[in-house]
Amino acid sequence: MAIKTKTEAVKTAREKALATLLVSGSCAYSTVLALQDVFDLKDEALLRASGALTGGIGGRADTCGSMIGAVLVLGSVCGGGRNDGENCVTKIYESGKQGADFYNWFRAERGSVNCNDILTAFSNGKYTDFTDREQLMAAIDAGVLIKCREVVQDNTGKAAELLWDELHKKKTKHA
């Protein structure tokens with residue numbers, strides 16, 4: 001079944017991201033997979049690489065992996081490639097603007113782009129080192145990572161809106 005509306009794309013992307021997150025535990029992977037599936041963007045290398053962004057880049061609780069994953073998918077659609085010739089620089093600029101806009105939206109929504117800042121605020125100031133298995137398990141048991149579900153769904157939904165617009169803008173230009 002092909003997705004026919006932006007609303008349906010956003011809803012489906014959010015649902016798929018959450019379902020994948022519950023199985024994989026990876027914010028970035030869940031975001032990238034959901035967006036790729038909803039928009040039929042099959043880039044296996046990008047999907048594999050997204051796993052390294054999990055937990056705020058390799059579990060370091062730095063920049064939100066889901067946010068970076070969303071920006072990478074946006075860039076994969078509107079960025080420049082090897083065969084873009086003279087248009088490459090323009091496409092790089094456009095994808096950079098798209099990435100900056102998403103970053104600014106995320107920071108405005110969450111108050112920070114830092115995974116640790118977001119989760120520490122949610123856990124009443126308690127820092128979690130995701131590379132320490134005991135701390136990770138304690139955070140899971142305390143429900144701290146439930147916040148990640150909301151973040152992943154919101155990121156994926158917002159990115160789906162932007163991708164819908166970008167992909168449909170290209171289609172209407174050629175019509």
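A cavity, as I use the word here, is a set of grid points where a 1.4 Å probe fits but cannot get out.

**Entry 1: the model and its cavity**

I note at the start that this is a predicted model. I searched the whole structure for cavities of 30 Å³ or more and got 1. Rolling a probe the size of a water molecule over the atoms shows where empty space is left. For the largest cavity I wrote down a volume of about 40 Å³.

Which residues line the largest cavity? I listed N116, L119, T120, S123, K126, Y127, T128, F130 and V144. I then sorted this lining by class and found 4 nonpolar, 4 polar and 1 charged residues. K126 is the charged one, because Lys belongs to the charged class.

**Entry 2: salt bridges, R14 and D154**

Next I looked up salt bridges, and the search of the whole structure gave 13. I picked out the one between R14 and D154, where the closest N and O atoms are 3.0 Å apart. What does this pair tie together? R14 sits in helix α1 (residues 6-24) and D154 in helix α8 (residues 146-174), so the salt bridge links parts that are 140 residues apart in sequence.

I also checked how open the two partners are. R14 has a relative accessible area of 27%, so I entered it as partly exposed. D154 is partly exposed as well, at 21%.

**Entry 3: K147 and E150**

I stayed with helix α8, which holds both K147 and E150. They are 3 residues apart, about one turn of the helix. Their side chains form a salt bridge, with 3.6 Å from N to O.

Is K147 buried or exposed? I have K147 down as buried, because its relative accessible area is 18% and the limit for buried is under 20%. E150 comes out at 36% relative accessibility, so it counts as partly exposed.

I then followed the shared partners. Salt bridges join R14, R110, K147, E150 and D154 into one network. The pair from my second entry, R14 and D154, therefore belongs to the network that also holds K147 and E150.

**Entry 4: K42 and D40**

Last, I looked at K42, which makes a salt bridge with D40. The closest N and O atoms of this pair are 3.8 Å apart, and the cut-off for a salt bridge is 4 Å, which means the pair is counted. Are K42 and D40 buried or exposed? I recorded both K42 and D40 as exposed.

How values were computed. Residues numbered from 1 in each chain as written. Predicted model: local features only at pLDDT ≥ 70, side-chain atom pairs only at ≥ 80, totals over all residues. Heavy atoms only, no water. Helix = DSSP H or I, 4+ residues; strand = E, 2+ residues; numbered from the N terminus. Buried < 20%, exposed > 50% of the residue type's maximum accessible area, 1.4 Å probe, protein only. 1 Å grid on protein atoms, 1.4 Å probe; cavity = no way out; pocket = protein on both sides within 12 Å on 5 of 7 lines; lining within 4 Å. Points joined across faces, edges and corners; volume = space filled by probe spheres on them.
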